[in-house]
Amino acid sequence: GRSRGCRRIRTFPATATRRPTAAVAATLAASAALEARLRQELLEFRRANEGLRADLETALQEADFQRRRADLQQGREAEAAARLVQRCEQLEIELRTGRKRSSEAESKLLQAEAERDTLLRERAEISEQA
């Protein structure tokens, strides 16, 4: 177990330093790929949220307009206004969900960046030891 590993390190110091460096480099590459994917995901969530926010604003204005019209002409307009209000509520829920996803994606991105920084420091330490 342990003594065997220690002997190997003493016998082959070059191999012992090279292996962790390769492992750190591979983990660093995977970390960078994850970070890029999370960055893209966050960008997509933010774009989607902007779209939802614009849709919500339009729907709210339309609902307000329809409500005023419905005050004058009962019946079908009132039903259309009610549907628009429901749509607004649905869009608000979607926007909250989108914001939550953005927040989670941002949190994952920050975590990935921190892991990358740690890996870069490890790689630098390994290079200094070599």
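In this tour, contact means heavy atoms within 4.5 Å. The model on display is predicted.

**The whole chain**

Begin with the protein chain in a cartoon view. Its secondary structure comes to 3 helices and 0 strands, and reading along the sequence gives the pattern α-α-α. The chain has 130 residues, of which 21% count as buried. About 9,600 Å² of the chain is exposed, and carbon and sulfur atoms supply 53% of that area. Among contacts between residues at least 6 apart in sequence, 79% join residues at least 24 apart.

**Colour by confidence**

Next, colour the chain by pLDDT. The mean is 84, and 85% of the residues reach 70 or more. Which helix has the lowest confidence, and which the highest? Helix H1 (residues 2-11) is lowest, at a mean of 47, while H3 is highest, at 91. Now select residues 4-12, where pLDDT stays under 50. For this stretch the model has 1 contact beyond four places in sequence.

**Asn-49**

Select Asn-49, which lies in helix H2 (residues 13-72). Is Asn-49 buried or exposed? Its relative accessible area is 5%; because the cut-off for buried is under 20%, Asn-49 counts as buried. Display the residues that Asn-49 touches: leaving out those up to four places away in sequence, they are Leu-95, Gly-98, Arg-99 and Ser-102. For one of these, Gly-98, there is a particular atom to find: the side chain of Asn-49 reaches the backbone oxygen of Gly-98 at 3.2 Å.

**The nonpolar cores**

Select Leu-52, Leu-56, Ala-59, Ala-63, Leu-84, Cys-88, Leu-91 and Leu-95 together. These 8 residues make up the largest nonpolar core. Helices H2 and H3 are the elements that give two or more residues to this core. Apart from it lies another core, of 5 residues, and these include Leu-38, Leu-42, Ala-105 and Ala-112.

Return to the largest core and centre the view on Leu-52. Setting aside residues up to four places away in sequence, Leu-52 touches Leu-91, Glu-94 and Leu-95. Leu-91 and Leu-95 are members of the largest core, as is Leu-52.

Move then to Leu-84, which has its place in helix H3 (residues 76-129). Which residues does Leu-84 touch, not counting those up to four places away in sequence? They are Glu-62, Ala-63 and Gln-66. A distance label between the C-alpha atoms of Leu-84 and Glu-62 should read 7.5 Å, although 22 residues separate the two in sequence.

**Salt bridges**

Show the charged side chains next. How many salt bridges does the model contain? The count comes to 11.

Select Asp-64 and Arg-68, whose side chains meet in a salt bridge at 2.6 Å, N to O. Both residues lie in helix H2, 4 residues apart, which is about one turn of the helix. Asp-64 is partly exposed, with a relative accessible area of 32%.

Continue to Arg-87 and Glu-94, which form a salt bridge with their closest N and O atoms 3.9 Å apart. Both partners are partly exposed: Arg-87 has a relative accessible area of 34%, and Glu-94 is at 30% relative accessibility. Glu-94 has appeared already on this tour, among the residues touched by Leu-52.

**A network of charges**

For the last stop, select Glu-35, Arg-39, Glu-113, Arg-116 and Asp-117, which are linked in a network of salt bridges. Within this network, Arg-39 forms a salt bridge with Glu-35, and the closest N and O atoms are 2.9 Å apart. The two residues are separated by about one helical turn, because they stand 4 residues apart in helix H2. How is each of them placed with respect to the surface, buried or partly exposed? Arg-39 is partly exposed, with a relative accessible area of 41%, whereas Glu-35 is buried, at 5%.

Finally, select Glu-113, which is in helix H3. With a relative accessible area of 19%, Glu-113 is buried. Leaving aside neighbours within four places in sequence, Glu-113 is in contact with Glu-35 and Arg-39. Glu-113 and these two contacts belong to the network named above.

Methods
Residues numbered from 1 in each chain as written. Predicted model: local features only at pLDDT ≥ 70, side-chain atom pairs only at ≥ 80, totals over all residues. Heavy atoms only, no water. Buried < 20%, exposed > 50% of the residue type's maximum accessible area, 1.4 Å probe, protein only. Polar contact = N/O pair within 3.5 Å; in protein donor to acceptor, adjacent residues only side chain to side chain. Areas by Shrake-Rupley, 256 points an atom, 1.4 Å probe, with all protein chains shown as cover. Salt bridge = Lys/Arg side-chain N within 4 Å of Asp/Glu carboxyl O. Core = buried A, V, L, I, M, F, W, Y, C linked by side-chain atoms within 4.5 Å. pLDDT = per-residue confidence, 0-100.
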